[in-house]
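Q: I would like to learn how to read cavities, burial and strand pairing in a model. Can we work through a case?

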Amino acid sequence: MGTPPLSPWAVLVLSLVLVGLWAPCVLSRQPNFIVILADDVGWGDLGANWAETKETPHLDQLAAEGTRFVDFHSAASTCSPSRASLLTGRLGLRNGVTHNFAIASLGGLPLNETTLAEVLREAGYSTGAIGKWHLGHHGRHHPSSRGFDYYFGIPYSHDMGCTDSPGYNVPPCPPCPRHGAAARVARKDCYTEVALPLFENVTIVQQPVELGSLARRYAEEAARFIQRARDSGRPFFLYLALAHMHVPLTPPLPPAPGTGAYGASLGEMDALVGRMKELADSLGRGSTLLWFTGDNGPWAQKCELAGRLGPFVGAWQRQRGGSSAKQTTWEGGHRVPALVYWPGRVPARRTSHALL
């Protein structure tokens with residue numbers, strides 16, 4: 001009682017100190033930060049975590065060259081609350097975000113909450129958010145009013161948008177195939193032509209967004225943002241909130257035999273992360289901390305379009321059915337992959353079992 005809450009910056013630094021990662025050396029300049037947040041990614045979607053996964057060579061390399069956290073948990077098992085906690089360092093019961101925001105939501109992350117972007121901008125950083133926001137899209141709830149100098153992305157999940165019947169998960173996909181049946185055949189009315197807007201700062205630059213090119217555009221905008229920050233001589237904070245692995249899945253090429261839409265999309269995400277690592281290394285090894293994690297576990301109700309839980313399926317689910325993933329408080333709902341890469345400062349080839 002009476003103790004002031006830690007700032008988001010203090011939370012990040014304290015986390016590194018507690019797990020013994022903060023190196024005794026003194027930086028010659030302020031480090032850059034790239035935080036990559038995957039959407040609906042499973043703990044088992046990382047090959048370094050789960051041997052059955054073969055589609056993530058770049059993430060596995062990132063794990064080999066950095067520290068892998070195997071007991072890392074998002075702050076919630078749904079999108080908006082976990083993102084609010086990531087950017088404020090405070091749980092939903094404290095920051096006021098306990099449910100997902102919808103298309104018709106007028107509010108967002110409470111305006112009296114301080115974001116990590118605001119803290120770093122005050123410290124002289126160039127701040128950018130690229131990807132899914134989902135913390136309010138009207139007025140001062142927009143990312144451009146929450147500490148970010150630049151924003152490029154979508155305001156909420158890409159299965160949401162303007163339709164005749166607004167709401168979640170519209171248009172609906174066909175029901176899951178029965179046990180042992182072949183994967184369902186994609187229907188034309190499954191997640192097509194949802195009039196989802198793509199923003200650059202406060203301007204809609206495309207609607208409906210072309211989902212198939214979104215990963216490429218995110219990578220291009222991230223590279224441009226980093227180059228602008230580099231030209232300005234300022235350190236930067238880039239928050240890259242991917243559309244992967246949320247449905248609908250839109251891999252750029254027909255999936256290879258035996259891969260399926262999910263595996264192809266996972267490979268696309270992996271390549272994007274590999275590109276971000278290349279950009280970080282191009283700035284000088286050790287100048288940039290890159291952190292990859294997920295907002296919550298896989299959306300199990302999407303069947304073959306959902307990710308892998310790894311070992312986190314308990315006796316209850318095996319015997320009685322049901323999900324232990326996204327939208328639940330079972331471990332698979334909030335235990336997510338987490339990698340930290342910072343050459344010379346974060347140990348390489350290290351697996352941490354710290355509960356974070």
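Q: How many cavities of 30 Å³ or more does a search of the whole structure find?
A: Bear in mind that this is a predicted model. The search finds 2 cavities that reach 30 Å³ or more.

Q: How much space lies in the largest cavity?
A: The largest cavity holds about 120 Å³ of space.

Q: Which residues that line the largest cavity are the closest to its centre?
A: The lining has 15 residues, and those closest to the centre are Leu-211, Ala-243, His-244, Thr-250 and Glu-268.

Q: Which elements give two or more residues to that lining?
A: Two helices do: α6 (214-232) and α7 (260-282). Helix α6 gives the most, with 3 residues.

Q: How do the residues of the lining of the largest cavity divide by character?
A: There are 8 nonpolar residues, 6 polar and 1 charged.

Q: What is the volume of the second largest cavity, and which residues line it?
A: The volume of the second largest cavity is about 40 Å³. Its lining consists of Asp-40, Met-245, His-246, Val-247, Tyr-262, Pro-298, Trp-299, Lys-302, Leu-305, Ala-306 and Gly-307.

Q: How does the lining of the second largest cavity divide?
A: It splits into 7 nonpolar, 2 polar and 2 charged residues.

Q: Let us turn to burial. Is Ser-82 buried or exposed?
A: The general test is relative accessible area: under 20% means buried. Ser-82 has a relative accessibility of 6%, so Ser-82 counts as buried.

Q: Where does Ser-82 lie, and which residues does it touch?
A: Ser-82 lies in helix α3, which covers residues 79-88. Leaving out residues up to four places away in sequence, Ser-82 touches Ser-74, Ala-76 and Asp-295.

Q: Now a whole strand. Why is strand β3 described as largely enclosed by the rest of the structure?
A: Apply the burial test along the strand. Strand β3 spans residues 126-131, and 6 of its 6 residues are buried, so β3 is largely enclosed by the rest of the structure.

Q: How many bridges join β3 to strand β7, and in which sense do the two run?
A: Look for the bridges, then the direction. Strand β7 covers residues 236-241; 6 bridges join it to β3, and the two run parallel. In this pairing, Thr-127 stands opposite Phe-237 in β7.

Q: Over how many bridges do β3 and strand β4 pair?
A: Strand β4 (residues 150-153) pairs with β3 over 3 bridges, in the parallel sense. Here Gly-128 stands opposite Tyr-150 in β4.

Methods:
Residues are numbered from 1 along each chain as its sequence is written. This is a predicted model: local features need pLDDT of at least 70, side-chain atom pairs count only at pLDDT 80 or more; totals for chains, interfaces and linings use all residues. Side-chain values use heavy atoms; hydrogens and water are left out. Helices (H or I, at least four residues) and strands (E, at least two) are DSSP runs, numbered from the N terminus. Buried means under 20% relative accessible area, exposed over 50%, partly exposed in between (1.4 Å probe, protein chains only). Contact means heavy atoms within 4.5 Å. On a 1 Å grid over the protein atoms alone, a cavity is a set of points where a 1.4 Å probe fits but cannot get out, and a pocket is an open set with protein on both sides within 12 Å along at least five of seven lines; lining residues have an atom within 4 Å of a point. Grid points are joined across faces, edges and corners, and a volume is the space filled by probe spheres set on the points. Ala, Val, Leu, Ile, Met, Phe, Trp, Tyr, Cys and Pro count as nonpolar, Asp, Glu, Lys and Arg as charged, and the others, Gly among them, as polar. Two strands pair if DSSP finds at least two bridges between them.
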